[in-house]
Amino acid sequence: MGELKLRENQLSLTDYTRLAEINSLARDRYYNAYADFMTAYKNLEILLGIKLSMLKR
């Protein structure tokens, strides 16, 4: 959306850059949190000795 507004001259380059940086930081934090979650998930499977997907049955 920011890119579209930039093309239509409704957003300054400075504001677009700020939005892009915020988006980049949020995406980075998401992937880091996801990696941490997957590590904890796999560690729990190892601790239990069974895949967690098998517990649903």
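Colleague: Patches are made of residues with over 30% relative accessible area and no salt bridge (a side-chain nitrogen of Lys or Arg within 4 Å of a carboxyl oxygen of Asp or Glu), like charges being joined within 9 Å and nonpolar side chains (Val, Leu, Ile, Met, Phe, Trp, Tyr) within 5 Å. What is the area of the nonpolar surface patch that includes Leu44 and Leu55?

Modeller: This is a predicted model, in which local features need pLDDT of at least 70 and side-chain atom pairs count only at pLDDT 80 or more, while totals for chains, interfaces and linings use all residues. Residues are numbered from 1 along each chain as its sequence is written, and side-chain values use heavy atoms, with hydrogens and water left out. Leu44, Leu47, Leu48, Ile50, Met54 and Leu55 make the patch, with an area (Shrake-Rupley method, 1.4 Å probe, only the protein chains shown counting as cover) of about 570 Å².

Colleague: Which accessibility class does Ile50 fall into?

Modeller: Ile50 lies in the segment after H2, a helix being a DSSP run (H or I) of at least four residues, numbered from the N terminus. Buried means under 20% relative accessible area, exposed over 50% and partly exposed in between. Because its relative accessibility is 34%, Ile50 counts as partly exposed.

Colleague: What span does H2 reach from its first C-alpha to its last?

Modeller: Helix H2 covers residues 13-48, and just after H2 Gly49 takes a positive phi of about 80°. The expected span is 1.5 Å times one less than the number of residues. H2 has 36 residues, and its reach is close to the expected 52 Å, being 52 Å.

Colleague: Which residue does Glu45 meet in a salt bridge?

Modeller: A search of the whole structure finds 1 salt bridge, and its two residues, Glu45 and Lys42, lie 3 residues apart in helix H2, about one turn of the helix. Glu45 counts as buried because its relative accessibility is 10%, whereas Lys42, at 40%, counts as partly exposed. The side chains meet at 3.7 Å, N to O, and the partner of Glu45 is Lys42.

Colleague: Why is the pair of Tyr30 and Tyr31 given the class that it has?

Modeller: Rings of Phe, Tyr and Trp (its six-membered ring) pair if their centres lie within 6.5 Å, with planes under 30 degrees apart counting as stacked, over 60 as edge-to-face and the rest as tilted. The count comes to 3 aromatic pairs. The centres of the Tyr30 and Tyr31 rings are 5.2 Å apart and their planes stand at 70°, so the pair is edge-to-face.

Colleague: What is the centre-to-centre distance of the stacked pair that Tyr30 and Tyr34 form?

Modeller: Tyr30 and Tyr34 are separated by about one helical turn because they are 4 residues apart in helix H2. The planes of their stacked rings are 20° apart, and the centre-to-centre distance is 6.4 Å.

Key: Buried means under 20% relative accessible area, exposed over 50%, partly exposed in between (1.4 Å probe, protein chains only).
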